[in-house]
Amino acid sequence: MIANFIDIYQQEGTRGLWRGVIPTAQRAAIVVGVELPVYDITKKHLILSGLMDDTILTHFISSFTCGLAGALASNPVDVVRTRMMNQRVLAGNTVLYKGTLDGLLHTWKNEGFFALYKGFWPNWLRLGPWNIIVSFFLHFVFSLQAIFVFNIISLSFGWCREASFLREYKPYR
């Protein structure tokens with residue numbers, strides 16, 4: 001691996017080591033900007049519609065749906081990012097993609113719209129379980145944090161009798 005770093009540095013310089021940073025940051029912003037609202041909206045609609053209560057299944061469906069939305073939104077940028085990172089910028093060679101937008105337009109024009117979704121299934125099958133694990137973990141941690149903070153406050157101010165409902169609190173039914 002060190003030999004690869006040295007090879008890239010010798011042939012392309014420091015810029016070669018940083019190629020793909022901007023599309024990677026763009027992809028991360030797209031994933032977070034899509035997944036968080038989709039998770040909240042899906043969970044809210046499932047609960048408010050009366051189809052489900054606030055259960056593990058609700059979190060599971062919301063998490064998997066937000067993984068799908070994240071994969072749909074980020075896959076085009078992911079394809080261009082991978083292509084930009086794989087293109088070698090050597091002396092005398094022309095650069096195929098000048099940036100993310102240029103890469104998106106070039107790919108769509110030359111290969112069609114669906115070329116932007118190459119690798120979609122593995123991407124979704126990675127993001128779906130990832131979101132399920134993260135949402136369960138965060139829900140569990142925030143539930144414990146709320147119980148811990150409220151217990152500390154109630155003990156500090158002598159609200160022990162009023163805070164007895166916390167002993168019965170269960171984050172999932």
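**Note on helix packing and salt bridges**

1. E111 has a relative accessible area of 40%, and is therefore partly exposed. The model in which this residue sits is a predicted one, and the points below should be read with that in mind.

2. E111 takes part in a salt bridge with R83, in which the closest N and O atoms are 2.7 Å apart. This contact links distant parts of the chain, since E111 belongs to helix α5 (residues 100–111) whereas R83 lies in helix α4, the two being 28 residues apart.

3. E111 also meets the side chain of K118 in a salt bridge, with an N to O distance of 3.2 Å. K118, at 48% relative accessibility, counts as partly exposed, because the partly exposed class runs up to 50%.

4. A further salt bridge joins the side chains of D78 and R27, here with 3.4 Å from N to O. This pair likewise links distant parts of the chain, with D78 in helix α4 and R27 in helix α3, 51 residues apart.

5. Are the two partners D78 and R27 buried or exposed? D78 counts as buried at 13% relative accessibility, and R27, with a relative accessible area of 13%, is buried too; both assignments follow because buried means under 20%.

6. A search of the whole structure finds five salt bridges, among them D78 with R27, E111 with R83 and K118 with E111. Salt bridges that share partners join R27, D78 and R81 into one network.

7. The helices that carry R27 and D78, namely α3 and α4, can also be described as a packed pair. In general, two packed helices are described by the angle between their axes and the distance between the axes. For helix α3 (residues 21–48) and helix α4 (residues 56–86), the axes come within 7 Å and cross at roughly 165 degrees. This angle makes α3 roughly antiparallel to α4, because angles over 145 degrees are placed in that class.

8. As to handedness, α3 passes α4 in a right-handed crossing. What is the make-up, by class, of the contact of α3 with α4? The contact has 15 nonpolar residues, together with 11 polar and five charged ones.

Key
Residues are numbered from 1 along each chain as its sequence is written. This is a predicted model: local features need pLDDT of at least 70, side-chain atom pairs count only at pLDDT 80 or more; totals for chains, interfaces and linings use all residues. Side-chain values use heavy atoms; hydrogens and water are left out. Axes are lines fitted to C-alpha atoms, for helices over the stretch in contact, and angles run from 0 to 180 degrees between N-to-C directions. Helices (H or I, at least four residues) and strands (E, at least two) are DSSP runs, numbered from the N terminus. Angles under 35 degrees count as roughly parallel, over 145 as roughly antiparallel, 65 to 115 as roughly perpendicular and the rest as oblique. A crossing is left-handed if the near helix is turned anticlockwise from the far one by less than a right angle, and right-handed if clockwise. Ala, Val, Leu, Ile, Met, Phe, Trp, Tyr, Cys and Pro count as nonpolar, Asp, Glu, Lys and Arg as charged, and the others, Gly among them, as polar. A salt bridge is a side-chain nitrogen of Lys or Arg within 4 Å of a carboxyl oxygen of Asp or Glu. Buried means under 20% relative accessible area, exposed over 50%, partly exposed in between (1.4 Å probe, protein chains only).
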